[in-house]
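Hi,

Here is the structure I said I would pass on. Have a look at it first, and then read my notes below.

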Amino acid sequence: MAKEEIHEHMPHSTTHKEQNPMTNWIYDVFLWTLSILVDLFFREVHPRGSWKVPRRGPVIFVAAPHANQFVDPLILMRTLRNECHRRAAFLTAAKSMDRAFIGWFSRKVGAVPVGRALDMVKPGTGMIYLPDPINDPLLIRGVDTKFDGKEIQIGGLLVLPSVNGTAANAEIAEVISPEEIRLKKPFKGKHAMMQLTGRDDVDDSGKFTNQNVKGIKDGFEGTKYKTAPKVDQSKVYDAVFDRLSAGGAVGIFPEGGSHDRTELLPLKAGVAIMALGALAANPDSGLKIVPCGMNYFHAHKFRSRAVVEFGNPLEVPKELVELYKKGERREAVSQLLDIVYQALVAVTVTSPDYDTLMLIQAARRLYNPTGKKLPLPMVVELNRRLVKGYTHYKDDPRIVSLKKSVLDYNKQLRYLNIRDHQVEYAKFSIPKVVFTLFYRLLKISVLSIGVLPGLVLFAPVFVASKIISIRKSREALAASTVKLQGRDVLATWKLLVALAFAPVLYNFYTITLTIWTYRNRVQGYMPDWVPLWAVMLFGYIFFPAITFAALRFGEVGMDIIKSLRPLVLSLNPTSNNTIHKLRERRAKLSAEVTDVINTLGPEMFPDFDSARIVADPFHTDGSGSPTSPTRIRRGSGFYDANSPTLRRTSQADAHLPRNESFGNLGNIGLFATRPPSRSRSRSSSSGGTFGSAAFPLTSFSTLDTKGSFDEVSMKIQGAMRERGQMRRRKSEEARENEDEMGDSDEEERKNV
């Protein structure tokens, strides 16, 4: 964890008047309004494990990774409100609160402004260097600097130029003279040492290999730098302590800022200070820390997907609270940060770099048999396990060889410009390929009728959002010390631009239509008996409806367009043979991936076979004896214990997630772009085990052993847990009768 100054703020005996008190109705209206944009921007957002969140009492929600600047808190706020019936006040960067629109809404929903030193960096005067990096790495000397002026503050930061998206910084402990200062802790890392000395005899840990040379490189004149002031966070802690003492919920992104990296950044000490300080003042408050994983699939892209996963609530160990009260705050905070970090790792998919993440996703597709579409939460869990296994075994010869094969396969896919799931088109016969190609061209023609009008009408918003988001991304990248490409602000600005420009555009079209009607009744096509107010009402309904239709039809149409290239390649005699070879190679590689995972998996995960996510497609039961399906009655529905998926047939199946309130056109035969077995199944809220939230569960074995019956029992219990969560969400009256429902569930379990 990053070592930083530990704030010693403790809750006061008297409460403070909140700087930005939450207004509940504005909070709910704000979420409802922006939820429409979220549903339009994201193809699907899955909550997972929401049943773990405490329904009452003080809670600190820690969320990571912070991949979308303003979208992350919006998605998390909506999920908490809809799934957990809780409102949370989030800590927000003070510079964001200064923006007119964002700042006003942030204050109304109870946001707590946080000043960040790195948001206030300014270029320093002159150049700096380390005069004696080996014997005195804390001493910084300047050339034409003004350390005794307003630029430098004791407790502030000295920031070096960014290298590979990361800028080293250190806290200032003492100002000696206009050209000398002393740091609280030395700079660390290879790049920082090279920047401050000009020497290249530095290893990866930042140590000099030639200890005989004590100073800087001959002729080195120093490096440019920036300074950041010391920030007093007393008001922030006061606001958080007051909200927690009242039984409220606070949300925080402990990495300190948004970024576009594939790994978690070091956590800031703030979340630990908040939890320990609140418990030191009131040990019996029952404060919980809930880790929240923000897992995105191409977070910055339009119509992408996301999974919000909640981990088990953490109780702060009493020993750490006692340490904090005794004054050993650094040790207590450090240990609690380690606990929180491990909890976040358990609900996120992190990897050392982008290439590793791409490798893991390719391996997951090869391990998951084609035609077996997994729900998004399962994909996240499988990716997480693969990352953990790869990190542990990455130096194993089998993994090294397999990595090379997978990367070569990915390279060939990029060369042919096709996707992994499209390789299966190679098994189609020529007549089937021709029929499929013409059928999909016909579908595109039909879809174009619904897409083109909305595309033309809404084009100004698309163009404006693209241009402005790219410009803001570049500005954020230039001002950041941790961003790689600034992609974390793209989605935010696309939504903000759409939110600002779309109403203006709809008003313009509606007013234009009204004026046209007033002047010549739309060239005589509009009957005289139609009043102008009806024309305006029609415009405000018609133009948004056309845009939404274009969005949904266009989404399906783009999927179809992407599927045309492999079909054309299959008809080309030159490339047809290449695709057939690629399909054979994929089948062989899939077997290799599955074999390695099945060999190393049980060593890494003791529950690998009993809690298998994906059934082994290359291993079947040799008995060959068929088993009759076992159906277990649950209320008005049935569960098929032996089917590949745990399926419930009841009226509840008609329920659709919020982001599918207009239906999924991709499931209609005319518009479907994939075989039925690859249907885009979605879940609503989910439990914490693979038996809940309508997860497809592969039959692990036949019901011929005690262990098999235990497994089915676990699945049934998981399904019943989901039913309990559905009951709690229906109404406040249902939640008041929770004990009675629990007794009913227990009786049903006994009957089963």
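To start you off: which helices do the buried residues of helix 8 pack against? They pack against helix 7 (270-281) and helix 9 (329-345). Before I go on, keep in mind that this is a predicted model, so everything below is computed from it.

**Helix 8**

Let's stay with this helix for a moment. Helix 8 covers residues 318-325, and Leu320, Val321 and Tyr324 are buried in it. Those three sit on the same side of helix 8, because they cover an arc of only 100° around the axis. If you want the background, an α-helix has 3.6 residues a turn, so residues three or four places apart point the same way. Turn to the other side of helix 8 and you find Lys318 and Glu319, which are exposed. After helix 8 comes Gly327, with a positive phi near 100°. Tyr324 has a further partner: Arg329 lies over the face of its ring, 5.1 Å from the ring centre.

**Aromatic rings**

How many aromatic pairs are there? The count comes to 11. One of them is Phe147 with Tyr225, an edge-to-face pair with 6.3 Å centre to centre and 65° between the planes. This pair links distant parts of the chain, as the two residues are 78 apart. Phe147 belongs to the loop between strand 7 (139-143) and strand 8 (157-159), while Tyr225 belongs to the loop between helix 5 (190-197) and strand 11 (226-228). Both rings belong to buried residues: Phe147 has a relative accessible area of 1%, and Tyr225 has 3%.

Now compare that with Phe435 and Tyr439, a stacked pair with 6.0 Å centre to centre and 0° between the planes. These two are 4 residues apart in helix 13 (residues 430-479), so about one helical turn separates them. Phe435 is exposed, at 58% relative accessible area, and Tyr439 counts as partly exposed, at 31%.

There is also an aromatic cluster to look for, formed by Phe508, Tyr509, Phe538, Phe542 and Phe543.

**Sheets and strands**

Next, try tracing the open sheet. It is made of 7 strands in the order 5-11-8-9-10-7-6, with antiparallel pairing. Which strands are at the edges? They are strand 5 (122-123) and strand 6 (127-129), and each of these pairs on one side only. Further in, strand 7 and strand 10 (residues 180-183) run antiparallel and are joined by 3 bridges. One place to see this is Arg141, whose bridge partner in strand 10 is Glu180.

Strand 13 (residues 288-297) deserves a visit too. Is it mostly covered or mostly open? Mostly covered: 9 of its 10 residues are buried. Strand 13 has bridges to two strands that I'd like you to look at. With strand 2 (residues 59-64) it runs parallel, through 6 bridges, and Ile60 stands opposite Ile289 there. With strand 14 (residues 304-310) the direction is antiparallel, again through 6 bridges. In that pairing, Met294 has Val308 as its bridge partner. As a general reminder, strands of a sheet pair through backbone hydrogen bonds, either parallel or antiparallel.

**Two single residues**

First, Glu44, which you will find in strand 1 (residues 42-48). Glu44 is buried, since its relative accessible area is 5%, under the 20% cut-off. What does its side chain touch through polar contacts? One contact goes to the side chain of His46, at 2.9 Å, and another goes to the side chain of Arg305, at 2.5 Å.

Then there is Ala363, in helix 10 (residues 354-367). Ala363 is buried as well, with a relative accessible area of 15%. Leaving aside neighbours within four places in sequence, Ala363 is in contact with Leu386 and Val593. Its C-alpha atom is 9.3 Å from that of Leu402, a residue 39 places away along the chain.

That's my tour. Write back with anything you'd like to go over together.

Cheers

How values were computed. Residues numbered from 1 in each chain as written. Predicted model: local features only at pLDDT ≥ 70, side-chain atom pairs only at ≥ 80, totals over all residues. Heavy atoms only, no water. Phe/Tyr/Trp six-rings, centres within 6.5 Å; stacked < 30°, edge-to-face > 60°. Buried < 20%, exposed > 50% of the residue type's maximum accessible area, 1.4 Å probe, protein only. Lys NZ or Arg CZ within 6 Å of the ring centre and 35° of its normal. Pairing = 2+ DSSP bridges. Arc of directions from axis to C-beta. Contact = heavy atoms within 4.5 Å. Polar contact = N/O pair within 3.5 Å; in protein donor to acceptor, adjacent residues only side chain to side chain.
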